[in-house]
Amino acid sequence: MNARAEPTHVTPAYDVERVRADFPILQVEVEGKPLVYLDNAASSQMPQPVIDRLVRYQTTEHANIHRAVHTLSERATAAYEEARAKLQRFINAPDVREVIFTSGTTEAINLVMHGYGRRFIKAGDEIILTTLEHHSNIVPWQMLAEETGAILRVLPINDAGELCLDDFEPLFNARTKLVGVSHVSNALGSINPVKQMIAMAHERGVPVLVDGAQAAPHLAVDVQDLDCDFYAFSGHKLCGPTGIGVLYGKAALLEKMQPFKGGGDMILSVSFENTVYNTIPYKFEAGTPPIAAAIGVGAAVDYLLAIGMDTIARHEHALLQYATGQLNDLPGLRLIGTAQDKAAVLSFTLDGIHPHDVGTLLNQEGIAVRTGHHCAQPVMTRFKVAATTRASFAFYNTMAEVDALVAGIRGVQKVFA
Ligand code: C6P
């Protein structure tokens, strides 16, 4: 067992088999077949060093944080804050106070909606979103619009699933208060030109929230280079635990925002007459946080960085290119989402076969894919489909697993022939 939060394979060339050996779950069988896990956009798997770090925390460090002077509390507090510093380095945030632990991307976006939106967005103000957004970056803004009378504007996509950038500038006016855009689409894999969009929004004085749930696990994210105002992502898509995520926000904005939740740890003083809120980031972390999960995601980013985000992106791109070629050769298969710049996500439909049947039959071969609308119904509507089958790859997937997917799809087509 590797007790360090590092991969066991440190070799100059990327050795996928050695990486796979770090993931106990990749050894399990499903339906008597070796697992082929291609549902990484929903949640990725956890390597042994992260599991070990969680065990170490639970067995030698667990206590509540920021509250007591006893040794375990000090250990837990140090580990929790160390995890925050790891996350800061992972996204190159300038200041550790700009890293807020949340329960995930969804809560991070809701935090911005409550903390920023409810304070600064009024009736008649406008928010620009895109057709590619996950429901997590649509519904909170609809709730705000309903409450305040604000208006949502939507940047469309083309037939490849790329944002129509020419239509972006005309969406702005004097009432535009926020842009919300995903860095990578979960349904299609399109990588959006967020840096360019942020620069365009900033020229008009408009802050930008980037939903990075599908980017942080696959690309090197640098929030200073992007110059985004907010960046949200989830631990469980990053080989970390569920129940943890991050909101990065520029300190100047976070300082001006209302806390999202009230309770312990987010205050400096409380009386029935007056409460003084804590400084950032604690102002936004009311109550006992998911301490173990935060420490776990710290170990997860150590693991990813030890492999190297560029190495990860390169391997996944090779998988994407190979899988795209293979799937394009299958008659009756329609790829949905063919952007020039894509992460390793392949959404597709098969003529005359419902995606849920595809998913069920693939599972019988041990192949895990997601089927449905992927919490991105406006994307499905745009492509006039109710659902797709989605294979989403991670750095531990192999070309042989692409072959297994292709053979699985051929098998499904045979059953329905
Ligand atoms: N997408 C998928 O299968 P949470 O649930 O808070 O960790 O992440 C929400 C979320 C937000 N934005 C994007 C772009 C996402 O992809 C997700 C989660 C999963 O595609 C589950 S629906």
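1. Let's start in a loop. At 24% relative accessibility, Cys375 counts as partly exposed, because the partly exposed class runs between 20% and 50% relative accessible area. Keep in mind as you read that this is a predicted model. Cys375 sits in the loop that links strand 16 (370-372) to helix 12 (377-382). Its backbone also deserves a look: phi is positive, about 55°, although Cys375 is not a glycine. Most residues other than glycine have a negative phi.

2. Now look at His374. This residue is also placed in the loop between strand 16 and helix 12, but His374 is buried, with a relative accessible area of 0%. What does the side chain of His374 make a polar contact with? One partner is the side chain of Thr388, at 2.7 Å. A polar atom of the His374 side chain also lies 3.2 Å from the backbone oxygen of Gly372. Setting aside neighbours within four places in sequence, His374 is in contact with His134, Asn186, Ala187, Ser347, Met380, Thr388 and Arg390.

3. Two names from that list, His134 and Arg390, take us to the ligand. A side-chain N or O atom of His134 is 3.4 Å from a nitrogen atom of the ligand. For Arg390, a side-chain N or O atom is 2.7 Å from an oxygen atom of the ligand. Lys237 joins in too, with a polar side-chain atom 3.0 Å from a ligand nitrogen. How much of the ligand's area does the protein bury? Taken alone, the ligand exposes 510 Å², and the protein buries 87% of that. The ligand is surrounded by 17 residues, of which Thr106, Asp211, Gln214, Ser234 and Arg370 are the closest.

4. Next, try colouring the chain by domain. The protein chain is divided into domain 1 (53-305) and domain 2 (309-416). Their C-alpha centres lie 29 Å apart. The contact between them takes 29 residues from domain 1 and 29 residues from domain 2.

5. The interior is a good place to practise finding nonpolar residues. In soluble globular proteins, nonpolar side chains tend to be buried together. Here the largest nonpolar core has 78 residues, and Phe90, Tyr231 and Phe395 touch the most other members. Which helix gives the most to this core? The answer is helix 9 (residues 291-307), with 10 residues. Both domain 1 and domain 2 take part, each supplying at least three residues.

6. Tyr231 is worth selecting on screen. Not counting residues up to four places away in sequence, Tyr231 touches His183, Val210, Gly212, Ala215, Ala216, Val221, Val223, Leu226, Val246, Leu247 and Tyr248. Apart from the core of Tyr231 lies another core, of 25 residues, with Val36, Leu333, Leu346 and Phe348 among them.

7. Two more backbone details are worth checking. His66 has a positive phi of about 60° although it is not a glycine. His66 is found in the loop between helix 2 (48-60) and helix 3 (71-91), and with a relative accessible area of 28% His66 is partly exposed. The other detail is a cis peptide bond, which joins Ile280 and Pro281 with omega at about 5°. Pro281 belongs to the loop between strand 12 (275-277) and helix 9. Most peptide bonds are trans.

Note on methods:
Residues numbered from 1 in each chain as written. Predicted model: local features only at pLDDT ≥ 70, side-chain atom pairs only at ≥ 80, totals over all residues. Heavy atoms only, no water. Core = buried A, V, L, I, M, F, W, Y, C linked by side-chain atoms within 4.5 Å. Buried < 20%, exposed > 50% of the residue type's maximum accessible area, 1.4 Å probe, protein only. Helix = DSSP H or I, 4+ residues; strand = E, 2+ residues; numbered from the N terminus. Domains from an automatic or database assignment. Contact = heavy atoms within 4.5 Å. Near = heavy atom within 4 Å. Polar contact = N/O pair within 3.5 Å; in protein donor to acceptor, adjacent residues only side chain to side chain. Areas by Shrake-Rupley, 256 points an atom, 1.4 Å probe, with all protein chains shown as cover.
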